[in-house]
Amino acid sequence: MARIPATAVAASGLVGGYAVARWTKKRPLGGVALAAAGAVAAREWQQRSGGRAAAALTAAYVAAFAGSHPLAKKVGAWPAVFSVAGGMAAASWAVGRRSR
């Protein structure tokens with residue numbers, strides 16, 4: 001079975017969590033999608049890069065989610081979500097590449 005890279009899971013979790021919340025009008029449901037993707041990504045980070053890297057990237061994932069809110073007030077919701085998702089993908093890729 002092919003594995004989906006944690007980089008893609010984390011970025012899509014941020015985008016997907018927002019999309020679910022927005023289109024269903026149920027923020028908790030978006031939170032479930034966000035948390036599920038975060039858990040999958042964290043497990044992959046831990047397996048590939050170790051506990052420290054997984055903890056740091058998980059903290060970055062939460063910070064990206066939190067940071068998207070004030071950023072959205074400046075640039076709009078979707079641009080903010082895509083920006084933090086891109087930043088999270090870049091961080092995940094850099095840590096994964098470095099640990100190889």
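Visitor: How is the radius of gyration taken here, and what is the globule rule?

Guide: The radius of gyration is taken over C-alpha atoms, and the globule rule is 2.2 Å times the number of residues to the power 0.38. For 100 residues, a compact globule would have a radius of gyration near 13 Å; the protein has 13 Å, which agrees. Along the principal axes, the C-alpha atoms fill a box of roughly 40 × 30 × 20 Å. The model is a predicted one, in which local features need pLDDT of at least 70 and side-chain atom pairs count only at pLDDT 80 or more, while totals for chains, interfaces and linings use all residues. Residues are numbered from 1 along each chain as its sequence is written, and side-chain values use heavy atoms, with hydrogens and water left out.

Visitor: How many helices and strands are there in the protein?

Guide: Helices (H or I, at least four residues) and strands (E, at least two) are DSSP runs, numbered from the N terminus. The protein has 4 helices and 0 strands, and its elements run α-α-α-α from the N terminus on.

Visitor: How should the packing of α1 and α3 be read, and at what angle do they pack?

Guide: Axes are lines fitted to C-alpha atoms, for helices over the stretch in contact, and angles run from 0 to 180 degrees between N-to-C directions. Angles under 35 degrees count as roughly parallel, over 145 as roughly antiparallel, 65 to 115 as roughly perpendicular and the rest as oblique. Helix α3 (residues 51–75) packs against α1 at an angle of about 25 degrees, and the axes are 11 Å apart. The two helices, α1 and α3, are therefore roughly parallel to each other.

Visitor: Which residues of α1 and α3 make the contact?

Guide: Contact means heavy atoms within 4.5 Å. On α1 the contact is made by A10, G13 and L14, and on α3 by Y61, A64 and F65. Across the protein, 69% of the contacts with a separation of 6 or more are between residues 24 or more positions apart.

Visitor: Is G17 buried or exposed?

Guide: Buried means under 20% relative accessible area, exposed over 50%, and partly exposed in between, with a 1.4 Å probe and protein chains only. G17, placed in helix α1 (residues 6–24), has a relative accessible area of 5% and is therefore buried. Residues up to four places away in sequence aside, G17 touches S12, G30, A33 and L34. Its C-alpha lies 16 Å from that of A42, and the two residues are 25 apart in sequence.

Visitor: Where is K25 placed, and is K25 buried or exposed?

Guide: K25 sits in the loop between α1 and α2 (27–49). Its relative accessibility is 74%, so K25 counts as exposed. The phi of K25 is near 60 degrees, a positive value in a residue other than glycine.

Visitor: What are S68 and S92 in contact with, leaving aside neighbours within four places in sequence?

Guide: S68 lies in helix α3 and counts as buried because its relative accessibility is 9%. Beyond those neighbours, S68 is in contact with A80 and V84. S92 is found in helix α4 (residues 77–98); with a relative accessible area of 3%, S92 is buried. Outside the same span of neighbours, S92 is in contact with A6, T7, W45 and L57.

Visitor: How many of the residues of the protein count as buried?

Guide: Of the 100 residues, 30% count as buried.
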